[in-house]
Amino acid sequence: MAITPTEIYSNLIDQPFDDESYTKELEGNNKEIEFKKGSKTVKVRTVTTAGAVTDHNATQTISQQMAGITNVDSTIATYTLDQQKDIKKFLDKTVAVTNNSIVEGGKILHAIVAEQLVPMIDAYRLGILAGVATTTNQKVMATVNGVADFLKARGYLINARLFRDNCIAYVNNTTADNIRSANIMTPFTGGLEKSMRTGDIGMLYGAKVKEVPADLMPTKVGLILVNPDIVSAPRFLDDSKVSESSVAFGTLVLGLYMYTCVVSTPRNKGVAIIATA
């Protein structure tokens with residue numbers, strides 16, 4: 001069976017995220033968050049456990065003990081992939097004649113996604129995380145001592161029992177310099193060239209540090225420390241078309257990209273920020 005141009009374009013559109021995205025670690029599912037590609041929704045389960053553990057009283061009768069039992073409060077909230085972006089491009093016939101139109105179209109779409117869509121989605125995800133940390137008041141005001149600031153932010157996740165060995169610290173240039181000046185961060189060595197392209201600069205007290213371009217970080221935020229297990233940030237190409245234009249000489253390339261970013265409510269203290277003045 002022949003591969004259609006649409007299928008080839010779809011793969012090329014998705015490829016830049018693996019190479020260029022700073023926040024690709026946030027795309028996975030976890031136990032509280034379930035996403036199935038193509039469903040256009042994210043389902044988040046919330047289980048309330050307060051009151052489930054009580055002191056045992058041996059003097060109570062069976063009836064009294066049974067009276068103290070309450071139902072498990074479990075709810076499922078559904079979130080729509082509310083962020084939708086169009087990809088539109090026209091390939092003139094002269095381009096198609098001079099080059100292989102599928103390959104040339106793929107290059108163009110790769111550039112559009114890498115330069116426009118990937119940064120847009122990265123900035124959106126980081127903005128959502130910063131907003132959650134602000135709401136839960138897990139915020140540290142920045143000083144010149146970047147390491148001390150980081151440890152205070154890390155303390156929020158530690159106290160919430162949500163600091164793990166896969167935690168990520170997204171930092172802007174200034175905060176990264178403040179941390180580096182302490183000269184205690186272990187730099188990455190394996191695959192350094194590739195990792196640097198997506199911001200990986202080292203490990204600091206159990207967290208991966210990623211230096212992020214200033215235009216991706218929310219305003220007045222120098223660092224976002226997050227446990228990626230509390231996040232689901234699905235994205236996918238919902239539809240695409242590659243066809244001869246009926247009104248001009250050439251090929252019309254269209255795509256609809258959908259995405260969102262959801263944080264598990266019971267574990268929303270798994271993110272903290274360093275705020276700048």
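The following exchange concerns strand pairing and salt bridges in a predicted model.

User: Is strand S9 largely enclosed or open, and how many of its residues are buried?

Analyst: Strand S9 spans residues 221–226. Buried residues are those under 20% relative accessible area. The strand is largely enclosed by the rest of the structure, because the buried residues number six of the six.

User: Which residue of S14 stands opposite leucine 223?

Analyst: S9 pairs with strand S14 (residues 271–275) in the antiparallel sense, over five bridges. S9 also pairs with strand S6 (residues 168–171), again in the antiparallel sense, over four bridges; there, tyrosine 170 has isoleucine 224 of S9 as its bridge partner. In S14, the residue opposite leucine 223 is isoleucine 274.

User: How many residues apart are glutamate 25 and lysine 208, which meet in a salt bridge?

Analyst: Their side chains meet at 3.3 Å, N to O. Glutamate 25 lies in the loop between helix H1 and strand S1, whereas lysine 208 belongs to strand S8. The pair thus links distant parts of the chain, at a separation of 183 residues.

User: Is aspartate 200 buried or exposed?

Analyst: The side chain of aspartate 200 meets that of lysine 208 in a salt bridge of 3.8 Å, N to O. Salt bridges with shared partners join Glu25, Asp200, Lys208 and Lys210 into one network. Lysine 208 counts as partly exposed, at 22% relative accessibility. With a relative accessible area of 10%, under the 20% limit, aspartate 200 is buried.

How values were computed. Residues numbered from 1 in each chain as written. Predicted model: local features only at pLDDT ≥ 70, side-chain atom pairs only at ≥ 80, totals over all residues. Heavy atoms only, no water. Buried < 20%, exposed > 50% of the residue type's maximum accessible area, 1.4 Å probe, protein only. Helix = DSSP H or I, 4+ residues; strand = E, 2+ residues; numbered from the N terminus. Pairing = 2+ DSSP bridges. Salt bridge = Lys/Arg side-chain N within 4 Å of Asp/Glu carboxyl O.
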